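Good morning, colleagues. Please have the sequence and the structure open in front of you while I speak.

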Amino acid sequence: MVLFLLLLLLPLLLLLLLPPPPWAAFRQKSPRDARLPWLVGLQHRAALGLLCWAAAWQRRRLEQSTLQAGLSQRRALRRCLRAQGPRRPRGASADMSAFRNHVPLTKACQTEEKESGEQGLPPTSDQHCGEASLQATLLGLAALNRAYPEVLAPGGTARVTPASAWPHPLPWPWHTLGQLSPPGAKDSWALLLEALRSPGLRALEARTAVELLDVFLGLEASVELLAEAIAAGNPGAPLPRRAAELQEALEQGPRGLALRLWPELQLVVTLDAGGQAEAVAALGALWCQGLAFFSPAYAVSGGVLGLNLWPEQPAGLYLLPPEGPFIELLPVKEGAQKESAHTVLLAEAQKGKEYELVLTDRASHTRCRLGDVVQVVGTYNQCPVVRFICRLSQALSVRGEDIGEDVFSEALGWAVGQWPGAKLLDHGCVESSILDSCEGSAPHYEVFVSLRGLRNLSEENRDKLDHCLQEASPHYKSLRFRGSVGPARVHLVDQGAFRALREALATCSLAPFPPEMPRVLRYRHLAQLLQKRVVS
């Protein structure tokens with residue numbers, strides 16, 4: 001029987017191993033009218049069938065583990081305690097109390113510790129990180145296929161950044177699904193050109209939203225070069241016409257640009273992580289207006305933590321599964337008050353409560369507070385469904401006021417909303433001590449913003465941020481009233497400043513980017529990079 005099944009599968013595997021015909025042969029045709037080569041269509045159907053089978057198997061595993069989340073995590077506790085060997089006292093029980101006692105909880109890694117040379121958060125083991133990433137990718141693709149089936153059609157998706165939004169590289173059978181971009185491409189310029197040459201796209205993919213924002217800003221700055229490259233790329237008639245369409249679309253401004261370039265576009269795929277919400281809002285209001293956004297997972301420096309099974313939902317909701325990295329939840333209020341606060345397991349999470357994520361590295365047997373705060377909005381079997389609130393590591397504090405990332409972002413949004421015609425693209429904050437800018441004045445915040453629609457900031461506009469911060473934080477308002485904290489100073493930077501910052505972050509071994517985008521800069525050289533790009 002097994003031999004018979006292998007004989008049936010052998011032609012299918014040989015079919016998938018055959019290289020598909022080059023996309024250039026038919027990329028100029030609309031998907032509705034094009035007659036794809038029979039081999040491409042057959043390979044695509046075979047790959048899609050394998051995807052559905054693999055995703056169904058992963059879904060069964062997920063159902064079993066989430067139905068018994070408490071049991072799954074208790075088994076993981078026993079494995080962690082057994083792995084300690086001589087460190088574990090003989091006869092110790094394998095419960096949560098024993099786990100807390102023998103695997104101590106460490107604080108989230110602070111920048112000051114990193115600068116002093118201490119190691120940051122240790123990564124989870126490759127095995128568990130890989131399993132969680134593969135599960136997120138397969139289940140995300142299957143969910144995407146149900147909600148937007150045309151996205152996975154041949155040539156339906158173009159990646160415009162060298163790295164993918166999918167947490168795990170697609171195995172070889174699935175290279176024919178959707179992707180117009182050649183796997184392993186490292187040149188952003190070439191990827192963007194390939195996407196612009198294909199007007200029938202259904203989805204755009206970028207590793208993160210901030211990187212996609214950089215792509216659109218670069219597109220606007222290099223429109224003539226891109227048009228020339230498209231026109232010269234092929235002597236055929238359609239491409240020069242496509243170059244003219246590109247110039248005409250850009251002349252109408254950024255709002256709705258993506259749909260003018262690709263009229264059949266439905267979706268933007270990016271990987272969600274800390275500091276991305278601002279870029280998603282800017283893209284949704286301008287270049288990608290009218291398009292849905294989908295993130296297959298939520299990523300942190302320790303690996304993939306949350307799975308997104310609901311691409312049709314407008315806001316990112318993520319399931320915290322019991323398999324893969326071992327996750328605990330630390331109540332935020334209790335954690336802020338007590339060093340010995342107790343964590344809870346996934347099945348014990350309460351709807352509406354906020355928790356800080358705690359990740360256990362099974363290789364080094366350490367438990368680390370990640371600093372990522374989530375709110376439980378629902379349940380999936382016995383596991384919580386969460387939305388991400390903020391990162392504790394991105395709080396501002398010059399006199400103990402502790403302005404959280406979410407509080408500051410909300411206040412900044414209120415202030416920018418009062419600046420006529422302005423749209424916030426990016427921002428970064430620095431405590432004045434980092435730049436030595438508080439000499440002769442009270443400590444304060446230095447705030448760098450990138451805007452669309454406003455070229456100069458008046459003093460009245462600058463003052464509005466400080467007023468909004470006082471409304472958002474009574475403690476900050478009290479310190480400002482006493483003169484213990486000076487007013488926030490706002491600086492407008494040029495359009496390429498934050499792209500330069502991200503390039504610098506990508507080369508810094510201690511920086512979380514990618515995928516996380518820091519909004520509070522603790523390194524002087526990074527803060528000075530923005531300071532040098534101030535235009536108002």
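**Salt bridges, aromatic pairs and surface charge**

Arg-391 has a relative accessible area of 3% and therefore counts as buried, the cut-off being under 20%. I should state at once that this is a predicted model. The partner of Arg-391 is Glu-405: the two side chains meet in a salt bridge, with 2.6 Å from N to O. This pair links distant parts of the chain, since Arg-391 lies in strand E12 and Glu-405 in helix H14, which covers residues 405-417; the two are 14 residues apart. Is Glu-405 buried or exposed? Glu-405 is buried, with a relative accessible area of 11%.

Let me place that bridge among the others. The whole structure contains 21 salt bridges. One of them joins Arg-242 to Glu-245, at 3.1 Å from N to O. Both residues belong to helix H10, residues 238-251, and because they are 3 residues apart there, about one helical turn separates them. Their accessibilities fall into two classes: Arg-242 counts as buried at 5%, whereas Glu-245 counts as partly exposed at 35%.

Another salt bridge connects Arg-207 with Glu-211, and here the closest N and O atoms are 2.8 Å apart. Arg-207 is partly exposed, with a relative accessible area of 24%, while Glu-211 counts as buried at 13%.

I turn next to the aromatic side chains. How many aromatic pairs does the count come to? The count comes to 7 aromatic pairs. Among them is the pair of Tyr-298 and Phe-388, which is stacked: the ring centres are 3.4 Å apart and the planes are at 10 degrees. Tyr-298 lies in strand E6, residues 297-300, and Phe-388 lies in strand E12, residues 383-391, so this pair ties together parts of the chain that are 90 residues apart in sequence. Both Tyr-298 and Phe-388 are buried.

Phe-388 also pairs with Tyr-318, and this second contact is edge-to-face, with 5.9 Å from centre to centre and 75 degrees between the planes. Tyr-318 sits in strand E8, residues 318-319, and Phe-388 in strand E12, so that distant parts of the chain, 70 residues apart, are linked. Tyr-318 is buried, at a relative accessible area of 2%, and Phe-388 counts as buried at 17%. Tyr-298, Tyr-318 and Phe-388 thus make up one aromatic cluster.

Two further contacts concern residues that are remote in sequence. Val-210, in helix H8, residues 209-221, is buried with a relative accessible area of 0%. The C-alpha atoms of Val-210 and Pro-515 are 9.4 Å apart, although 305 residues separate the two in sequence. Lys-107 lies in the loop between strand E1, residues 105-106, and helix H5, residues 111-115. Lys-107 is exposed, with a relative accessible area of 55%. Lys-107 and Arg-369 are 262 residues apart in sequence, yet their C-alpha atoms are 5.3 Å apart.

Finally, I come to the surface. Which residues gather in a patch of positive charge? They are Arg-74, Arg-75, Arg-78, Arg-79 and Arg-82. Arg-74 lies in helix H3, residues 69-83, and is partly exposed, with a relative accessible area of 42%.

To close, I return to strand E12. Phe-388 in this strand takes part in the stacked pair with Tyr-298, and Arg-391 in this strand forms the salt bridge with Glu-405. Thank you for your attention.

Technical notes:
Residues numbered from 1 in each chain as written. Predicted model: local features only at pLDDT ≥ 70, side-chain atom pairs only at ≥ 80, totals over all residues. Heavy atoms only, no water. Helix = DSSP H or I, 4+ residues; strand = E, 2+ residues; numbered from the N terminus. Buried < 20%, exposed > 50% of the residue type's maximum accessible area, 1.4 Å probe, protein only. Patch = residues over 30% accessible without salt bridge, like charges linked within 9 Å, V, L, I, M, F, W, Y side chains within 5 Å. Areas by Shrake-Rupley, 256 points an atom, 1.4 Å probe, with all protein chains shown as cover. Salt bridge = Lys/Arg side-chain N within 4 Å of Asp/Glu carboxyl O. Lys, Arg positive; Asp, Glu negative; His and termini not counted. Charge placed at Lys NZ, Arg CZ, Asp CG, Glu CD. Phe/Tyr/Trp six-rings, centres within 6.5 Å; stacked < 30°, edge-to-face > 60°.
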